[in-house]
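User: Could we go through the helix packing and the pockets of this one together?

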Amino acid sequence: MYKFDFKYLKKYSHAILFLSWIVLISAYILNNGESTSRWLIINGQNLFTTSDLAKFSLIIFTANFIENNKKNINNIKLIISDYSPYVFGTLGLILFQPDLSTTFIISTILLTMLLIAGFKMRYLFIPVIISLTGIFITIYKTPYQLERYSAWKNGAM
């Protein structure tokens, strides 16, 4: 890997992200619409979890976005038009699997990257409130998630 030119990742960050969308959607289609489709299964073999590719692609995409926009990292219009649709689209596909914990972990990684790049916390207040509301709605609408949350809250995990 030390000979790998990482500039290719930057150059193809959008393509890698779109590939992760195809893989995320393919997992659901190839699993015959089963309720949980976190694994890409071909010929009965679990190849990998689709969110792993999505995690990698979002980190590369975010790093590329930060590098290309370091002077405008607090331009909300830029974030809303050129960054958020890709991130929320990808996170939505992961959440649809359903994989709430991976969605939360990836969101935390991306937020940390943006904060390190100089993104101001004050711009995060409304999106974080909306996200937390969505998380709690998802938890309370999904018996499995509610059971896990209750176990965690009561110290059983």
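Analyst: A note on residue classes comes before the counts: Ala, Val, Leu, Ile, Met, Phe, Trp, Tyr, Cys and Pro count as nonpolar, Asp, Glu, Lys and Arg as charged, and the others, Gly among them, as polar. By these classes, the lining of the second largest pocket has 10 nonpolar, two polar and one charged residues. Please bear in mind that this is a predicted model.

User: Which residues lie nearest the centre of that second largest pocket?

Analyst: Leu100, Ile135, Ile139, Tyr149 and Trp152 lie nearest its centre, out of 13 lining residues. The elements that each give two or more residues to this lining are α5, α6 and α7, the last of these spanning 143–153. The volume of the second largest pocket is about 390 Å³.

User: And what is the volume of the largest pocket?

Analyst: The largest pocket holds about 800 Å³ of space. Its lining comprises 29 residues, and those nearest the centre are Phe88, Ser107, Leu111, Pro127 and Ser131. Two or more lining residues come from each of α4, α5 and α6 (125–141).

User: Which element gives the largest share of that lining?

Analyst: Helix α4 does, with 10 residues.

User: How many charged residues are in the lining of the largest pocket?

Analyst: There are no charged residues in that lining; 21 are nonpolar and eight are polar.

User: Switching to packing: at what angle do α4 and α5 pack?

Analyst: Helix α4 (residues 76–95) and helix α5 (residues 100–116) pack at about 160°, and their axes are 8 Å apart. Angles over 145 degrees count as roughly antiparallel, so α4 is roughly antiparallel to α5. The crossing of α4 past α5 is right-handed.

User: Which residues meet there?

Analyst: From α4, the residues are Tyr83, Val87, Leu91, Ile94 and Leu95. They meet Leu100, Thr102, Thr103, Ile106, Ser107, Leu110 and Leu114 of α5. By class, this contact has nine nonpolar, three polar and no charged residues. Two of the α5 residues named here also appeared with the pockets: Ser107 among those nearest the centre of the largest pocket, and Leu100 among those nearest the centre of the second largest.

User: What about α6 and α7, at what angle do they cross?

Analyst: They cross at roughly 105°, and their axes come within 5 Å. This makes α6 roughly perpendicular to α7. On the α6 side, the contact is made by Phe136, Thr138, Ile139, Tyr140 and Lys141, and on the α7 side by Pro143, Gln145, Leu146 and Tyr149.

User: How does that contact divide by class?

Analyst: The contact of α6 with α7 has six nonpolar, two polar and one charged residues.

How values were computed. Residues are numbered from 1 along each chain as its sequence is written. This is a predicted model: local features need pLDDT of at least 70, side-chain atom pairs count only at pLDDT 80 or more; totals for chains, interfaces and linings use all residues. Side-chain values use heavy atoms; hydrogens and water are left out. Axes are lines fitted to C-alpha atoms, for helices over the stretch in contact, and angles run from 0 to 180 degrees between N-to-C directions. Helices (H or I, at least four residues) and strands (E, at least two) are DSSP runs, numbered from the N terminus. Angles under 35 degrees count as roughly parallel, over 145 as roughly antiparallel, 65 to 115 as roughly perpendicular and the rest as oblique. A crossing is left-handed if the near helix is turned anticlockwise from the far one by less than a right angle, and right-handed if clockwise. Contact means heavy atoms within 4.5 Å. On a 1 Å grid over the protein atoms alone, a cavity is a set of points where a 1.4 Å probe fits but cannot get out, and a pocket is an open set with protein on both sides within 12 Å along at least five of seven lines; lining residues have an atom within 4 Å of a point. Grid points are joined across faces, edges and corners, and a volume is the space filled by probe spheres set on the points.
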